[in-house]
Amino acid sequence: MIISVIKEIKPYENRVAVTPTTAGELVRRGHEVLVEKDAGLGSYFTDADYEAVGAKIVDKEEAWAKGQLIYKVKEIFPEEYHYIDDKKIIFTYIHSNAHLEQTEYLLSSGCTSIAYEDVIAPDGTFPLLAPMSELAGKGGFLAALHFSQSVHGGQGVLLNNVCGVESPVVTIIGAGVSGMGAAELAANFGNKVQILEVNTKSMEAARKILPYNVELLYSNRANLEKCLKNSDVIINCILWDKTRKDHLINREDLKMMKPGALIVDVACDDNGAIETCRSTNHAEPIYVEEGITHYAVDNIPSAFAKTASVTLSNATIPYAIEIAQKGVERALKENPGLRRGLTTYQGKLTLQETADKFGIEFVDPNKLVEAF
């Protein structure tokens, strides 16, 4: 199979889907790997690094034209639509329920698209989402550390246990992968950490790992209000169903918070769990609503591009190899976890949440593969 590694065009996106090491794994299996020129530079991988493992450096036009499997990091942008047809297999983070125009184009093109974020493992976890979730959670805390500084517009609180000073309070919503990443750093810096969670098994697992300066609270309205009032930082790490119209934290709730407190929305669902959230970027990462600073960068891991690229590439490569070795239809038929990530196939939408949100007809991918 011809596999094309595409250079990302999203502003301030420095990750690359495939490192030279994993490109070499594909080449050794007899596949042709085309890498768009300078695709890896943002993660400090040179074209020479890729050539050394047998990949071929090509321009954008050739990468898109010849590639059968299009291997990316971010969603497809309008400037890239015209490259896609029914012969392409798109393998990337798609987030179709957040990008109607992209979804419509993927459907109209007839391509096969598989979303990293929806691929599921046998144990019910999301193996291609988890590596970035951990980095996003940790990066979210580091952003809070930065924007709590007076010189960056914060209230001048060092998120650390300093002798003679009351420990800052950091509340984390959700004890999933990103929440645990944020909690690990926040707790080890000596803050008083509060985690709000509804899943008791997740709470029990977190209790076994995290130190005793972490308080695990069941996520109900009373505990949320307590956290809103006493926190210096609130880090949201839960994804909000995009079909929901309600919010966990409403605009009015911000009035309970300390003046100058900070909300970090790692999940970055616009108008989602946090009503006042709207996505930002690394150039203009913060804004203020109701006196509360919001940080809502939607690609936090890009700030740690090399680490992110290595972990993402390591996670995705087994699935890419399976697609390349077997062909996409056989891979989807034999691997139900990969099939869970199927978003579009020959003009059919195969992701339930996106279908529900946009009112597009849903086709069950399990029934679809019966015809393969």
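Is Lys-138 buried or exposed? Lys-138 is buried, with a relative accessible area of 19%. Here buried means under 20% relative accessible area, exposed means over 50%, and partly exposed lies in between, with a 1.4 Å probe and protein chains only. The model is predicted, so local features need pLDDT of at least 70 and side-chain atom pairs count only at pLDDT 80 or more, while totals for chains, interfaces and linings use all residues. Residues are numbered from 1 along each chain as its sequence is written, and side-chain values use heavy atoms, with hydrogens and water left out.

The overall form comes next. The protein chain comes to 13 helices and 15 strands. These are DSSP runs, numbered from the N terminus: helices are H or I with at least four residues, strands are E with at least two. The C-alpha atoms fill a box of roughly 65 × 45 × 40 Å, taken along the principal axes. For 372 residues, a compact globule would have a radius of gyration near 21 Å, and the protein chain agrees, with 21 Å. This radius is taken over C-alpha atoms, and the globule rule is 2.2 Å times the number of residues to the power 0.38. Buried residues make up 54% of the 372 residues. Contacts, meaning heavy atoms within 4.5 Å, were also surveyed along the sequence. Among those between residues at least 6 apart, 62% join residues at least 24 apart.

Helix H9 covers residues 305-326. At 1.5 Å a residue, its 22 residues should span 32 Å. Its end C-alpha atoms are 31 Å apart, which agrees. The expected span is 1.5 Å times one less than the number of residues. H9 nevertheless bends by about 40° at Thr-316. The bend is the angle between axes fitted to the seven residues ending there and the seven starting there. A proline, Pro-318, follows Thr-316 within four residues. After H9 comes Gly-327, whose phi is positive, near 90°.

H9 also leads into the protein interior. The largest nonpolar core has 42 residues. H9 gives the most to this core, with nine residues. A nonpolar core is a set of buried Ala, Val, Leu, Ile, Met, Phe, Trp, Tyr and Cys residues joined through side-chain atoms within 4.5 Å. The residues with the most contacts inside the largest core are Tyr-71, Phe-91, Ile-114, Tyr-116, Ile-323 and Leu-338. Leaving aside neighbours within four places in sequence, Ile-323 is in contact with Met-1, Leu-69, Ile-89, Ile-114, Val-328, Ala-331 and Leu-338. Another core, of 32 residues, lies apart from the largest one. Its residues include Val-170, Ala-182, Val-193 and Cys-237.

Charged side chains were examined next. A salt bridge is a side-chain nitrogen of Lys or Arg within 4 Å of a carboxyl oxygen of Asp or Glu. By this rule the count comes to 26. Lys-138 forms one with Glu-184, and the closest N and O atoms are 3.4 Å apart. This pair links distant parts of the chain. Lys-138 is in helix H5 (residues 130-147) and Glu-184 in helix H6 (residues 177-188), 46 residues apart. Unlike buried Lys-138, Glu-184 is partly exposed, with a relative accessible area of 35%.

Asp-253 and Arg-221 form a salt bridge too, with the closest N and O atoms 2.6 Å apart. This pair also links distant parts of the chain, 32 residues apart. Asp-253 is in the loop between strand E10 (233-236) and strand E11 (262-265), and Arg-221 is in helix H8 (residues 221-230). Asp-253 is buried, at 5%. Arg-221 is partly exposed, at 36%.

A local pair is found in helix H10 (residues 328-334). There Arg-330 and Glu-334 meet in a salt bridge of 2.9 Å, N to O. Being four residues apart, they are separated by about one helical turn. An α-helix has 3.6 residues a turn, so residues three or four places apart point the same way. Arg-330 is partly exposed, at 46%, and so is Glu-334, at 42%. Elsewhere, salt bridges that share partners join Arg-251, Arg-278, Glu-289 and Glu-290 into one network.

Glu-290 has a further feature: a positive phi of about 55°, although it is not a glycine. Glu-290 is found in the loop between E12 and strand E13 (292-295). It is partly exposed, at 37%. Asn-271 likewise has a positive phi, near 55°. Asn-271 lies in the loop between E11 and strand E12 (286-289). At 44% relative accessibility, Asn-271 counts as partly exposed.
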